[in-house]
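Good morning, colleagues. I would like to take you through one model today, beginning in its interior and working outwards.

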Amino acid sequence: MSLRYFKNVRSVTIALVVVTAIAAATYATPLSALGLLAGAAWSLVNLALLEILIVALLTPGAASARALPRVAWALGGMALLLLGLAWLLFHLPALWLVAGFSAPLAVIVLKAASGALLESGAWRALAKSPWRAAAVVAALILTAWWLLPARSLGQRADGAAGAHGDSAVRDAPGLTTAAHGEAPGAAGEPAAKAEGEDEGSDKFPNVITLITAANHGARWAKALHFWEPIVFSLAVGLVVCITGFVASRNPKMIPGGLQNGAEMLVEKLYEFVGGILGHKNARRFFPLLGTLFVYIFAMNLFGLLPLMDSPTSNLNITFALGLTVFVYVQYVGIRGLGIVGYVDHMLGSPRDVLGWMVAPLMFPIHLMGELAKPISLSCRLFGNVFGEDMLLVGFASLGIGMLSFAHSPVGIPLHAIFFPLALLTSTLQAFVFTVLSTIYILLMLPHEEHGHEEEAQRAH
Amino acid sequence: MNFDFHAALALGLPIGIGVAAIGSGIGLGLIGQGAMQGIARQPEATGKIQINMIIMAALAEALTIYAFVVMLMLNKKIG
């Protein structure tokens with residue numbers, strides 16, 4: 001154990017404690033963060049003084065004349081520290097002080113454990129292949145994903161319990177306050193706040209709600225919270241763009257990995273759209289339809305990632321998508337049929353007397369049908385994705401409720417059962433959106449093309 | 001007149017969703033039945049039938065989703 005080891009422990013502890021203190025100030029109280037920092041500082045100074053003492057005592061006798069004042073200095077410092085500790089214990093929450101005090105010790109233990117782990121054979125076997133290591137990292141992230149919402153939702157439930165005068169719960173620091181950084185003194189207030197906020201209080205925490213909670217009341221944080229789905233949808237767009245760019249950057253004759261997957265997806269989608277629209281039209285409409293599928297699929301799945309949220313669980317985003325399809329379909333109709341043909345289509349293509357007689361009736365029906373398309377598209381997507389998110393949140397809070405009698409910070413991950421269902425709905429809804437858009441375009445195309453398309457289909 | 005709006009909403013919303021679910025459940029059952037029979041009689045048309053079945057199922061299911069969305073809109077009014 002050299003001095004360098006102590007230096008490493010010190011820097012790691014400082015980093016760890018600062019991060020934890022920020023989190024504590026966000027989720028518990030500023031006072032608890034102060035207690036944590038004070039405890040860690042006390043512990044670190046204590047360790048440093050001990051180090052001076054040991055070095056001074058163990059140095060060979062030649063320097064003993066200089067060692068004596070050092071020993072005295074260290075001992076005096078430790079006495080002062082003990083006095084300081086007594087003062088701190090009266091003014092700061094004791095539990096957090098102890099946590100901060102034990103932080104350097106925990107770092108030492110963890111360092112020793114990780115040293116032992118790195119030497120072991122199992123670790124070497126894991127680190128041998130990047131895929132194996134990635135699988136382990138993914139498993140760790142998944143575990144964290146189970147634990148994190150449980151923790152945060154559990155705080156909210158306990159905050160509500162504290163409002164009913166359960167003083168035992170209220171006195172435990174860090175458990176009582178809702179995730180908005182309120183003082184613990186008024187335990188009823190945070191619960192009322194959490195109920196009063198209709199937005200963001202009944203879903204998993206994501207990056208933006210965490211940032212907003214950390215900067216409660218700041219203008220930019222409010223703006224970020226307000227634009228949350230748009231920020232996330234832009235992020236998804238960025239991810240899709242980068243993936244597409246990487247997949248097609250360096251095309252090879254024999255594709256591998258990412259390029260293979262991307263090509264397979266595009267080919268299957270193209271075949272599918274071609275099967276409905278006919279291959280001549282598919283070339284024209286595929287860019288929009290394929291983009292819709294990939295984008296919506298990615299957005300639906302984004303909510304399953306830790307600390308992310310699906311933008312499609314917000315009606316505004318899905319309505320924007322539906323409106324895009326609506327405008328494009330009308331454009332295709334007017335472009336392909338001409339103004340006269342478009343009006344004729346809206347009148348139900350009257351060709352005989354009977355047709356002209358029902359035309360005034362058909363026009364409002366067709367108009368309503370057209371206007372209902374974006375609404376039905378967007379409401380279906382929104383309802384499915386949002387309902388699925390609600391299901392996950394509901395079962396997560398159920399799992400927390402099952403352990404809440406023990407004031408456990410972690411719940412049973414009941415919602416994990418529904419991840420496969422969420423995967424299924426995400427894929428299916430992206431697919432349904434694309435299929436319906438394709439059908440709407442097909443309905444707007446000039447009618448004689450149907451015959452061609454059917455012939456083409458019969459031909460192969 | 002002592003009319004409790006909140007209680008009426010709290011009682012009515014779940015019933016509304018249930019009724020909507022009954023309707024689209026019947027619809028989905030009919031669609032599934034038709035598709036399965038079609039596939040059984042003509043297995044080579046499975047792909048086409050499945051695609052159309054999914055579309056129709058989405059249309060039928062959407063009605064429940066509309067009820068769900070309405071519930072979400074009115075949910076906040078239950079005091």
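**The core, a bent helix and a second chain**

Please look first at A:Ile296. Setting aside neighbours within four places in sequence, this residue is in contact with A:Thr312, A:Leu321, A:Leu381, A:Ala430 and A:Phe433. I should say at once that the model is a predicted one.

A:Ile296 also belongs to the largest nonpolar core, which has 43 residues. A:Ile296 is listed there among the residues with the most contacts inside the core, together with A:Val273, A:Phe293, A:Ala298, A:Val329, A:Phe433 and A:Ile441. Which elements supply this core with at least two residues each? In chain A they are helix 11, helix 12 (258–277), helix 13, helix 14, helix 15 and helix 16, and chain B adds helix 2 (46–75). Helix 13 of chain A gives the largest share, 12 residues. A second core, separate from this one, has 20 residues, including A:Ala33, A:Leu34, A:Ala38 and A:Ala103.

Let me turn to helix 14 of chain A, residues 315–346. If straight, a helix of 32 residues would span 46 Å at 1.5 Å a residue, yet the end C-alpha atoms of helix 14 are only 28 Å apart. Where is this helix kinked? The kink is centred on A:Gly338 and amounts to about 110°. Just after the helix, A:Gly348 adopts a positive phi of about 85°.

Helix 14 has buried residues as well, among them A:Leu321, A:Val325, A:Phe326, A:Val329 and A:Gly333. Their cover includes helix 11 (228–249), helix 13 (279–302), helix 15 (353–403) and helix 16 (419–444) of chain A.

For chain A as a whole, the count is 17 helices and 0 strands. Of its 460 residues, 29% count as buried. Among contacts in chain A with a separation of 6 or more, 64% are between residues 24 or more positions apart.

Finally, chain B. Here 10 residues of chain B are in contact with 12 residues of chain A. On the chain B side, 9 of the touching residues are nonpolar, none is polar and 1 is charged. An unreviewed UniProt entry places the feature "transmembrane region" at residues 7–31 and 51–74 of chain B. In the model, residues 7–31 of chain B are 100% helix and 0% strand, with end C-alpha atoms 37 Å apart. Residues 51–74 of chain B are likewise 100% helix and 0% strand, and their end C-alpha atoms lie 34 Å apart.

Conventions:
Residues numbered from 1 in each chain as written. Chains lettered and ligands numbered in written order. Predicted model: local features only at pLDDT ≥ 70, side-chain atom pairs only at ≥ 80, totals over all residues. Helix = DSSP H or I, 4+ residues; strand = E, 2+ residues; numbered from the N terminus. Expected span 1.5 Å × (residues − 1). Bend = angle between axes of the 7 residues up to and from the residue. Buried ≥ 20, exposed ≤ 12 C-beta atoms within 10 Å, placed from the backbone. Contact = placed C-beta atoms within 7 Å. Nonpolar A, V, L, I, M, F, W, Y, C, P; charged D, E, K, R; others polar. Core = buried A, V, L, I, M, F, W, Y, C linked by C-beta atoms within 7 Å. UniProt positions renumbered as here; feature names shortened; annotations may be inferred.
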